[in-house]
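Let's take a friendly walk through this chain. Have the sequence and the 3D view open side by side, and follow along.

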Amino acid sequence: MNLFFEESGDFKAGSVMSQVGEAYQVELASGKRSKVRVKDVLLQFTAPDAATLMEQAKLTAAQIDLEFLWEVAGQEEFGFAELGAEYFGHVPQAVEAAGLILALHTAPIYFYKKGRGRYKAAPEISLKAALAGIEKKKQQALIQASYVEHLKQHRMPEQLKALALQLLFKPDKNSIEYKAWAEACDALQTAPAQLMLECGGLATVKDFHLSKFLFESFPKGLAFPDVAIPALPENLPVAKVQAFSIDDVTTTEIDDAFSVERLADNQVRIGIHIAAPTLGIKRDDALDLIARARMSTVYMPGDKITMLPDALVETYTLGAGQTRPALSLYVTLDMQDWSVLATETKVEAVPMAANLRHNDLDTLVTEDNLANDAGEYPHKADIAIIWQWALVLEQGRMAKREGFGLKPEQTNRVDFNFYVDDDVVSIVRRKRGAPLDKMVAELMIFANSTWGKFMADHGVPGIYRAQGGGSGGWAAKMQVRMVTHAAPHQGLGVDQYAWSTSPLRRYTDLVNQWQIIACVQNGVTAPLVAPFKPKDADLFAIVSAFEAAYSAYSDFQNNMERYWCLRWLQQENVRQVEAVVLKDEVLRLVEIPLIIRLAGMPAMARGAQVKLDILRWNELDLSVEARLLEMLTTVTDEGMDEELDAVEATEAVGHMSGEDAESEVEADAENDAELSAAAAADATVGAALEAEPIDGPDDALLA
């Protein structure tokens, strides 16, 4: 006797070897033996043999007309034998019965299983819906296959063009578009972004990097909403100065300027003038919401995304020949020792005499020329006075920094400027700490520190950057953090530091300017009328949102600078390059700021100069492959220690080309402070281990 039975949701047939009570011992066609319960048996038959029955039953099942079978079944529950008699017109034979069971079991949209060998026909409305779903899937499968064929021929289907960015950066993995895309990538053995370029979904690799950033950070696009630009405030007192700014040639958001007025008794009054867009922007108005959504201007080689609309920037920027609203800090100095005799903050209109540019003056305003009163350039006498004070300010900060227990700040790092014109990149080396940079940086740091104290003295909260004095280990103590109360910034060597000098391009500075102006205009009542009151929860939300946005913007700029470094290699047809060892397997090219990690490189001293063969690079994932050709020499004057510090530092602050020199100095100071503290911690641990007697193997291992 043979049995046709159900086992674990599958149907099988075999020959009975024996029966014990309610169970059979059955041998399958494969030779495997199985224990089958009586209740699982659907058919008993003598012919044909089990293997033949299964083959013929499958053929029978394939020939059964399911629609006709569904009509025959009616709406009542039935057993397979009952339906078989109706369908075949006679009591079904073993092969017919088994075929019918297989057909019923494999057609769940037509028949619902109600028990062992028992079924019920699906309601008509449910059957129609299921059949429509199946038809839809068939059509989708055909469309998906068509998409795949187009993509394999590097042709972008029209329906996929509008979804290009979503497919790359935020795909719906259940959509046929994504499934087609993934299938085509697998078939071609290529990366999704590469296929997108080859199919024309993106024009260039640069578009890929920019589109990815915009998709994540500017999902609503870059266009500003249509808002009214406030008119310049009237009736502001006009300052009796002729101010000038110092910026890179690409800078359009000119928000800081200087003036110098010589006084009697060997005194001088230096003015630090900051553009005052807050006189036209009010908290929670349309322009404030725009600025708060963006948080900062985004910089990249050859382009930028401004925080504020161009029309507002043009209205409030400190352009030459214009008289513009400004928040001014006047500092009266004794020129004998450059001590500060008095400070005064004013809200006024400042006449702008000139916008000086680094590109025109860097070769003229040098330390030697300043020391010898050589060269001719605009505002020469004013710049000489500012230079003298800047040196004193720097010395004072360094003394304060050392008082906090930190090493002196390093100032001889090499920097690089990127200029892009019609997709042709120029990368120009320049050394940090040039006189013009130092003047701007020191006076901006002084203003940010002075105004930070000004807000604190008036009991008005602001947004401060603090470093040092935190809790936890050394790294936590020196981690830079943003707070809403005055706190020391040990890396810069100041007692408090509130970003206030870039209100056209940083939202934190915009907020602080509101608070400072409230102090100027209201004095002791400022805490009652300032836009942000003490313990204002919105201020904490701004800090959190700014840090997230600023970090994303900085990462994007770093990626774009790396992209343009790779483009430079292609543009200049460079394959063999010189590089310097920063640490272990980390090198930096001499001519451009391209960092390469060379796995397996033999150990070399920091500062060793080597020649590399650039084998290949990928502008999409920004990877570089190179091999070591030879070791050249060891350099000691390229600021290697400082460049290593920049690579190792846990936070790269203010690294946005196009920003002010103050941000570069701040970044260097904070990085130096973190690593100085880490070095001190290492020294402390080392000294403790040396002093501790070694008593056992565990202690020896620790030492």
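What follows starts with the whole chain and then turns to one sheet and the helices beside it.

## The chain as a whole

Please keep in mind that this is a predicted model. The chain has 703 residues, and 49% of them count as buried. Its secondary structure comprises 23 helices and 24 strands.

Two overall values help to set the scene. The accessible surface of the chain comes to about 32800 Å², with 51% of that belonging to carbon and sulfur atoms. If you take the contacts between residues at least 6 apart in sequence, 65% of them join residues at least 24 apart.

## A sheet of three strands

Now zoom in on an open sheet made of 3 strands, which are arranged in the order 6-8-7 with antiparallel pairing. Strand 6 (78-79) and strand 7 (111-115) are the edge strands; each has a single partner strand, so one side of each is left without a neighbour in the sheet.

How is strand 6 joined to strand 8? The two run antiparallel and are linked by 2 bridges, with strand 8 covering residues 118-121. On the strand 8 side, arginine 118 is the bridge partner of glycine 79.

## The hairpin

Strand 7 and strand 8 also pair in the antiparallel sense, here over 4 bridges. In one pairing to look for, tyrosine 112 has lysine 120 of strand 8 as its bridge partner.

These two strands form a hairpin with 2 residues between them. While you are looking at the hairpin, check the backbone of glycine 117, where phi is positive, near 75°.

## Helix 2 across the sheet

Next, bring helix 2 into view. This helix spans residues 66-73 and lies across strand 6, strand 7 and strand 8. Relative to strand 7, helix 2 runs at about 55°.

## Helix 2 against helix 3

Helix 2 also packs with helix 3 (residues 80-88), at an angle of about 115° and with the axes 10 Å apart. The pair is therefore roughly perpendicular, and the crossing of helix 2 and helix 3 is right-handed.

Which residues of the two helices meet? From helix 2 come Phe68, Leu69, Val72 and Ala73, and these meet Leu83, Glu86 and Tyr87 of helix 3.

## Putting it together

To retrace the tour, start at strand 8, which pairs with strand 6 and with strand 7. Then move to helix 2, which lies across the three strands and packs with helix 3.

Technical notes:
Residues are numbered from 1 along each chain as its sequence is written. This is a predicted model: local features need pLDDT of at least 70, side-chain atom pairs count only at pLDDT 80 or more; totals for chains, interfaces and linings use all residues. Side-chain values use heavy atoms; hydrogens and water are left out. Two strands pair if DSSP finds at least two bridges between them. Contact means heavy atoms within 4.5 Å. Axes are lines fitted to C-alpha atoms, for helices over the stretch in contact, and angles run from 0 to 180 degrees between N-to-C directions. Buried means under 20% relative accessible area, exposed over 50%, partly exposed in between (1.4 Å probe, protein chains only). Accessible areas come from the Shrake-Rupley method with a 1.4 Å probe; for residues, only the protein chains shown count as cover. Angles under 35 degrees count as roughly parallel, over 145 as roughly antiparallel, 65 to 115 as roughly perpendicular and the rest as oblique. A crossing is left-handed if the near helix is turned anticlockwise from the far one by less than a right angle, and right-handed if clockwise.
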